[in-house]
Number of protein chains: 2
Amino acid sequence: MRIVLMGSGNVATHLGKALHQAGHSIGQVYSRTVVHAQALAQQLHATPITDLCELDRSADWYILSIKDDALLPLIEQLPVLEGLVTHTAGSVPLAILSRFQHHGVFYPFQTFSKSTEVDFKTIPLLVEGNAGQTANTLLQLAQEISDKAQFASSDQRGQLHIAAVFACNFVNHMYALADDLLKSHQLPFDLLIPLIKETAAKMEQLSPQLSQTGPASRNDQQIIQKHIQSLEDQPHHQELYKTLTKSILDKLSL
Amino acid sequence: MRIVLMGSGNVATHLGKALHQAGHSIGQVYSRTVVHAQALAQQLHATPITDLCELDRSADWYILSIKDDALLPLIEQLPVLEGLVTHTAGSVPLAILSRFQHHGVFYPFQTFSKSTEVDFKTIPLLVEGNAGQTANTLLQLAQEISDKAQFASSDQRGQLHIAAVFACNFVNHMYALADDLLKSHQLPFDLLIPLIKETAAKMEQLSPQLSQTGPASRNDQQIIQKHIQSLEDQPHHQELYKTLTKSILDKLSL
């Protein structure tokens, strides 16, 4: 396929590389910032463009990989396109692209940073198309670069994003709260690393319901009360400790 | 050193093996349950005992590695001992052992399960002694089996345990809540595994403060409100979403 990549951020970079390696030709890389367009285009043997007038209107596939709130303004500026037009955003519905005849979503479900190499094969790739044919084409393309390609509706993507907020953003916040507690007692965060890695690694073998450990899961009120008391000086942490302990207890009694 | 290991659970098992491999002699393994004592003693080329009358009173080191609430009753039954007496519990103060002349704590900070092999070298080992000489001896012993041996007071161990509740138990609970959300939309938990692993792996390179991502960390109210609305049917998850989002926002504005 001859692809036009619109965007030059983390997702555009990793996705562009994976598709290039899979044998597709990235014809153009579009970014409003010329140095960004040039930098990524060079890596992909593509032509950088910064003006939509230069857009190749006969490409097979247009991938819009830019910030959520910049998507609609860009879509409105695009000419009529016969190729496939997709975005890569988890929380944006398919329908935002409805002015194009063939449109879809191509959503890689992972956090990316530009500097870290990514094995795309292991990353879930969720696709959706406005028609069966489009969806099937996108699934085939996704399977070329990922072993975890599957269909997902806009609703499912939305829910997956919320699940990711719990399993990634809120988890990171738990790490930050733990770090606060250690700092206040002159202990290095490093002490937690083996435990953090083991807790995550367990998820490949056990369901999170079965792997729940700790005072709340044993309903060990002696330790729970001791912990709450120790957190007297850190009311914010104390409040969260109570709330999350209660949440675990509630789940056990379901 | 000639060691008596009291207990046959996960910590006793892994610690006993590590000390045996480091060249120490495990003379006896004590457990009230004869099959448990026998099973572990066999692995460590030790003598199993189930009766405290059989206890070798001239061993160099007694390691009490049993459940927190069983520690005090066992300690009260022990004879006067001249060797070093230590427990392995995170949340139990050193002072519980004060009836012995040389006493301390030898606390490996990791979750263990019997079936999983453990590389003790990577596990933080926190030691405390009732006198400088005892503490130094314990630190040296810890350094023989772990690259992460260090002193920690009873206060610090207590705080570390609370930090672990956040970084391990509450994190696991976040995984469980994410699983609920996926199940309700017919999506497999497996989709989250790469994200979970990456979120944990980041902690080896970045502080949790710097690695915080997601709608709350960007104060993206449009997405936050959309997520809260999507959780209408799951009031428990909705409430926690609000509480944790607020907690991240509060942290940012500090």
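## Exercises: how two chains meet

There are 4 salt bridges between chain A and chain B; here a salt bridge is a side-chain nitrogen of Lys or Arg within 4 Å of a carboxyl oxygen of Asp or Glu. You're looking at a predicted model, where local features need pLDDT of at least 70, side-chain atom pairs count only at pLDDT 80 or more, and totals for chains, interfaces and linings use all residues. Residues are numbered from 1 along each chain as its sequence is written, chains are lettered from A in the order in which they are written, and side-chain values use heavy atoms, with hydrogens and water left out.

**Exercise 1.** Find how chain A can be laid on chain B.

*Solution.* Step one: superpose the copies by least squares on the C-alpha atoms of residues with pLDDT of at least 70 in both. A turn of 180° with a shift of 0.0 Å along the axis does the job, giving an RMSD of 0.1 Å. Step two: the two copies are therefore related as by a two-fold rotation axis. Step three: look for the C-alpha of chain A nearest that axis, and you land on A:V171, 2.6 Å away.

**Exercise 2.** Describe the contact between chain A and chain B.

*Solution.* Start with contact, meaning heavy atoms within 4.5 Å: 81 residues of chain A touch 81 residues of chain B. Next comes buried area, the accessible area (1.4 Å probe) that two parts lose on being put together, summed over both. The two chains bury about 7,700 Å² between them, 68% of it on carbon and sulfur atoms. On the side of chain A, the residues losing the most area are A:Q159, A:F166 and A:L195, together 9% of what that side buries.

**Exercise 3.** Pick out a salt bridge that links the two chains, then one within chain A.

*Solution.* Across the chains, A:K197 pairs with B:E204 at 3.5 Å, N to O. Within chain A, try A:R2 and A:D56, whose closest N and O atoms are 2.9 Å apart. A:R2 sits in strand β1 (residues 2–6) and A:D56 in the loop between β3 (47–49) and β4 (61–64), so the pair ties together parts 54 residues apart in sequence. Strands are DSSP runs (E, at least two residues), numbered from the N terminus. Over all chains, the structure has 16 salt bridges.

**Exercise 4.** Which residues form an aromatic cluster with B:Y241?

*Solution.* Check ring centres first: rings of Phe, Tyr and Trp (its six-membered ring) pair if their centres lie within 6.5 Å. The structure holds 10 such pairs over all chains. A:F166 and A:F170 join B:Y241 in one cluster.

Notes
Phe/Tyr/Trp six-rings, centres within 6.5 Å; stacked < 30°, edge-to-face > 60°. Helix = DSSP H or I, 4+ residues; strand = E, 2+ residues; numbered from the N terminus.
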